[in-house]
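Colleague: Could you take me through one position in this model closely, and then set that position against the chain as a whole?

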Amino acid sequence: GEIVIRASSFLSNESENHGGALYLDCAPTCTITNTTFFDNRAATYGGAISCGGGVSANNVTFASNSAGGHGGALFGGGYTVRNSIFVDNSAGNPWNQAYSCGETGAGDHVLQWRSDRGDAGIDPCVSDPLAADPLLDIPKDNGGPTFTMMPGVDSPVLSAGTGCEPVDQRGETRNVDACDLGAVERF
């Protein structure tokens with residue numbers, strides 16, 4: 001059946017194999033919205049998520065996740081990512097590949113950033129991501145039932161999305177036509 005994950009935080013989880021936070025079999029699909037993945041680690045693939053395909057993510061934040069092989073944030077094929085942030089994810093392979101995602105997927109309105117390089121990195125998660133520092137705070141209580149990473153007042157993620165979820169991870173209303181990228185809308 002379909003797997004739906006929303007308004008959640010996956011913080012500092014670890015796997016001795018694949019999928020530091022989640023190892024999913026998306027048959028037929030997995031839908032992830034308004035969710036934060038921070039500091040999750042996998043020994044092999046998919047620091048935050050390892051999946052066989054079919055992941056659809058909207059308004060998700062992937063920050064500081066790592067994998068020993070490929071896909072510091074997301075590993076698997078056939079995914080779609082919209083209105084999301086990938087920042088400072090890493091992979092331990094010797095080729096410096098697939099730091100955030102194991103391959104380029106479908107989607108739009110995605111920011112991707114590597115602070116150590118000062119750019120989006122060499123392997124984009126989607127075609128033509130926005131390359132800029134999202135200026136995110138650490139995960140903390142910004143209201144709502146789960147920790148979130150609030151973008152700064154000058155963040156390039158502000159009002160950079162479209163077709164967004166109607167509320168953010170905290171349950172706060174969004175402007176669906178011009179929302180902030182990632183799981184939380186700046187207050």
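Modeller: In this predicted model, Glu-103 has a relative accessibility of 40%, and because that value lies between the 20% under which a residue is buried and the 50% over which a residue is exposed, Glu-103 counts as partly exposed. Its place in the chain is the loop that runs between strand E12 (90-91) and strand E13 (106-113). Leaving aside residues up to four places away in sequence, Glu-103 touches Gly-76, Gly-77, Gly-78 and Tyr-79, and also Pro-124 and Cys-125. Asp-119, by comparison, is 16 residues from Glu-103 in sequence, and the C-alpha atoms of Glu-103 and Asp-119 are 18 Å apart in space.

Turning to the chain around this loop, there are 13 strands and zero helices. The radius of gyration of the chain is 15 Å, close to the 16 Å that the globule rule gives for 187 residues, and the chain is therefore as compact as a globular protein of that length. Taken along the principal axes, the box filled by the C-alpha atoms is roughly 40 × 40 × 30 Å. Of the 187 residues, 50% count as buried, while the chain exposes about 7700 Å², of which carbon and sulfur atoms supply 49%. Among contacts between residues at least 6 apart in sequence, 63% join residues at least 24 apart. As for charge, the chain has 9 positive and 22 negative charges, and the mean positions of these two sets are 3 Å apart.

Terms used: Residues numbered from 1 in each chain as written. Predicted model: local features only at pLDDT ≥ 70, side-chain atom pairs only at ≥ 80, totals over all residues. Heavy atoms only, no water. Helix = DSSP H or I, 4+ residues; strand = E, 2+ residues; numbered from the N terminus. Buried < 20%, exposed > 50% of the residue type's maximum accessible area, 1.4 Å probe, protein only. Contact = heavy atoms within 4.5 Å. Rg over C-alpha atoms; globule rule 2.2 N^0.38 Å. Areas by Shrake-Rupley, 256 points an atom, 1.4 Å probe, with all protein chains shown as cover. Lys, Arg positive; Asp, Glu negative; His and termini not counted. Charge placed at Lys NZ, Arg CZ, Asp CG, Glu CD.
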